[in-house]
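Here is a short briefing on selected helices and buried side chains. Have the model open while you read.

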Amino acid sequence: MLLEALDGDETVVFTAATASVQVQVEPVGRWFEAYVKRRNRNASASFQELEEEEVSSEESEDEEFQLEEYPMLRTLDPKDWKNQDHYSVLGLPHLRYKATQKQIKAAHKAIVLKHHPDKRKAAGEQIVEGDNDYFTCITKAIETLSDPVKRRAFDSVDPTFDNAVPSKSEGKENFYEVFAPVFERNARWSSKKHVPKLGTIESSFEEVDNFYSFWYNFDSWREFSYLDEEEKEKAECRDERRWIEKQNRASRAQRKKEEMNRIRTLVDTAYSCDPRIKKFKEDEKARKESEKKAKAEAKKREQEERERARQAELEVARLAKEKEEEEAKQAAQQAKKEKEIQKKAIKKERQKLRTTCKNWNYFADNEADSVKMMEEVEKLCDRLELTSLQSLNEILASGSKEDSKTAVDKQVQEVNAQLQREREAEVQARQAARSADQASGGGGAGGKGWNEDDLQLLIKAVNLFPAGTNARWEVIANYMNLHSTSGMKRTAKDVINKAKNLQRLDPLQKDQINKKAFEKFKKEHTSVPPSIDNAVPSERFDASGSDGNAAPWTTEEQKLLEQALKTYPVSTPERWEKIAAAVPGRSKKDCMKRYKELVEMVKAKKAAQEQVAAKSKK
């Protein structure tokens, strides 16, 4: 602040003042604490003012502070101090965990002034010596409540706290009146401040969801060290202290678990009884149903739209098809008409040609030449096109007999030459086909390298190894190499080519090959060498069965034989007589021969398959 100029003095400005500069200043220490308090309280006040305000508020609280003396104080047992209510001992049962340290100290001071042994002794009261006086309970109470750790341990097991959880029947009748005080009572254990309230029926979904999310993830500071049965300070050695600590930790963990189960049961019960949850679920269900219904309707509309589009496409396709069919029908009718017209024109021109040639007596002088020329004219009618016939008829109508004969002869020569060329081309095609057939493995029974025995063996192998056999053509080739008498080694490719050629044969040729094969089979199986005419019949065959039935076995007889073989096993007496009786028209010798043939066929088939399998493994 500038001083006022004296009389006669003159004020002179030496230099101009510098511009003000804004500087960022951060408070520290107690000034930072005052800044935080001002910001939280949304007030502008200095640190000293805040301290004075706090002191004045505490003084006002002290003025209102009143002690409630515990009537049973004098009867307390100092040895049972741990099970006593320390707040009641100090005269603070109405404040309990809400009491400040200043209030606790003031209460202790007032109690001590009244119940100190020296005071009572001066008043003539008899004092119990040592720690057996009830004043020890006051000392233990102030020791517990003045220490924050011990006080928290005692508050965790506050004997006046109600741990009860309402039942569902109670909650359904008066939900808010029953559960609101219970949650407010248990909120004191929360490690977090600003515990959400239960709310009302008007609470929004976010508020209700936030409330239950908080309580389902409830973080409780409540601990049960105050209830430890053993005190480690009393231990005589380190091992005993460790054992006591282990026992205490186990009991604390068990009680903590029971406490969290109690909180979870409380939240579950409230959630199940909350009418807002039921309302929210019904709203959510209605919303999902409406969405589902809207989705179904949209899907239905989409399907209907697709169906309409499909029907439209089908209708367009049908109309296009009908139009195309109509056009094709008209074109066919037009073509038919043109064909009819052309057919009539050709018929007319042919008739005209025949009539003209007949009028000229077919340009012949005798009957034989006339008949020959008549055949040639018919050939012209069959081979010539409409334009050729018209040209020829024009020449015949305008020319003389000689000119007409010359024109007819010329046309006949051209037609005959064309027919000759066609015949030669057909012969060449047949020869080329025959040459190709011979080059691919030979055609017919007389092909190079394939005799009648090989063809019969091939037909037998094809029937023996039907389609579906593993490596069929390799198996057939091995079978033929094992049983062929020609000594020719066949490959799978040779067998396939020959089988295809046999399939392309005429039915008469196939019948001839089958007939020759049957005649050979009959000859081999019915002829008896002269050297054994006088031989004695074997014990295996009866003399009466020597005249066997040489006819091929039918499918029905084969089935009967197989069934009889299964019915009569090897141990059956007179087995073959019974098998022959089961197959009508077949003797014992026929059945035994057929069985031997089947065994040989099975062995050959297995051998061929094993050989192919061995080659494939290599």
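Is Asp155 buried or exposed? Asp155 is buried, because its relative accessible area is 7%, and the cut-off for buried is under 20%. Keep in mind that this is a predicted model.

**Two buried acidic residues**

- Asp155 sits in helix 7, which covers residues 148–156.
- Asp155 and Tyr97 are 58 residues apart in sequence. Their C-alpha atoms are 6.6 Å apart in space.
- Beyond its neighbours within four places in sequence, Asp155 contacts Tyr87, Tyr97, Arg188, Trp189 and Trp221.
- Glu259 belongs to helix 11, residues 238–273.
- Glu259 has a relative accessible area of 5%, so Glu259 is buried.
- Setting aside residues up to four places away in sequence, Glu259 touches Trp189, Arg222 and Phe224.
- Trp189 appears in the contact list of Asp155 and in that of Glu259.

**Helix 12 against helix 14**

- Helix 12 spans residues 275–359 and helix 14 spans residues 386–398.
- Their axes come within 10 Å and cross at roughly 35 degrees.
- The crossing of helix 12 with helix 14 is left-handed.
- On the helix 12 side, the contact uses Gln342, Ala345, Ile346, Glu349, Arg350, Lys352, Leu353 and Thr356.
- On the helix 14 side, the partners are Leu386, Leu389, Gln390, Leu392, Asn393 and Leu396.
- By class, this contact of helix 12 with helix 14 has 7 nonpolar, 4 polar and 3 charged residues.

**Helix 13: a buried side and an exposed side**

- Helix 13 has 17 residues, 367–383.
- At 1.5 Å a residue, helix 13 should span 24 Å. Its end C-alpha atoms are 24 Å apart, which agrees.
- The buried residues of helix 13 are Ser370, Met373, Glu376, Val377, Leu380 and Cys381.
- These buried residues cover an arc of only 145 degrees around the axis, so they lie on the same side of helix 13.
- An α-helix has 3.6 residues a turn, so residues three or four places apart point the same way.
- Glu367, Ala368, Lys372, Glu375 and Asp382 are exposed on the other side of helix 13.

**Helix 18: length and burial**

- Helix 18 runs over residues 492–503, 12 residues in total.
- The expected span of helix 18 at 1.5 Å a residue is 16 Å. The end C-alpha atoms of helix 18 are 17 Å apart, which agrees.
- Buried in helix 18 are Ala492, Val495, Lys498, Ala499, Asn501 and Leu502.

Notes
Residues are numbered from 1 along each chain as its sequence is written. This is a predicted model: local features need pLDDT of at least 70, side-chain atom pairs count only at pLDDT 80 or more; totals for chains, interfaces and linings use all residues. Side-chain values use heavy atoms; hydrogens and water are left out. Helices (H or I, at least four residues) and strands (E, at least two) are DSSP runs, numbered from the N terminus. Buried means under 20% relative accessible area, exposed over 50%, partly exposed in between (1.4 Å probe, protein chains only). Contact means heavy atoms within 4.5 Å. The expected span of a helix is 1.5 Å times one less than its number of residues. Axes are lines fitted to C-alpha atoms, for helices over the stretch in contact, and angles run from 0 to 180 degrees between N-to-C directions. A crossing is left-handed if the near helix is turned anticlockwise from the far one by less than a right angle, and right-handed if clockwise. Ala, Val, Leu, Ile, Met, Phe, Trp, Tyr, Cys and Pro count as nonpolar, Asp, Glu, Lys and Arg as charged, and the others, Gly among them, as polar. The arc is that of the directions from the helix axis to the C-beta atoms.
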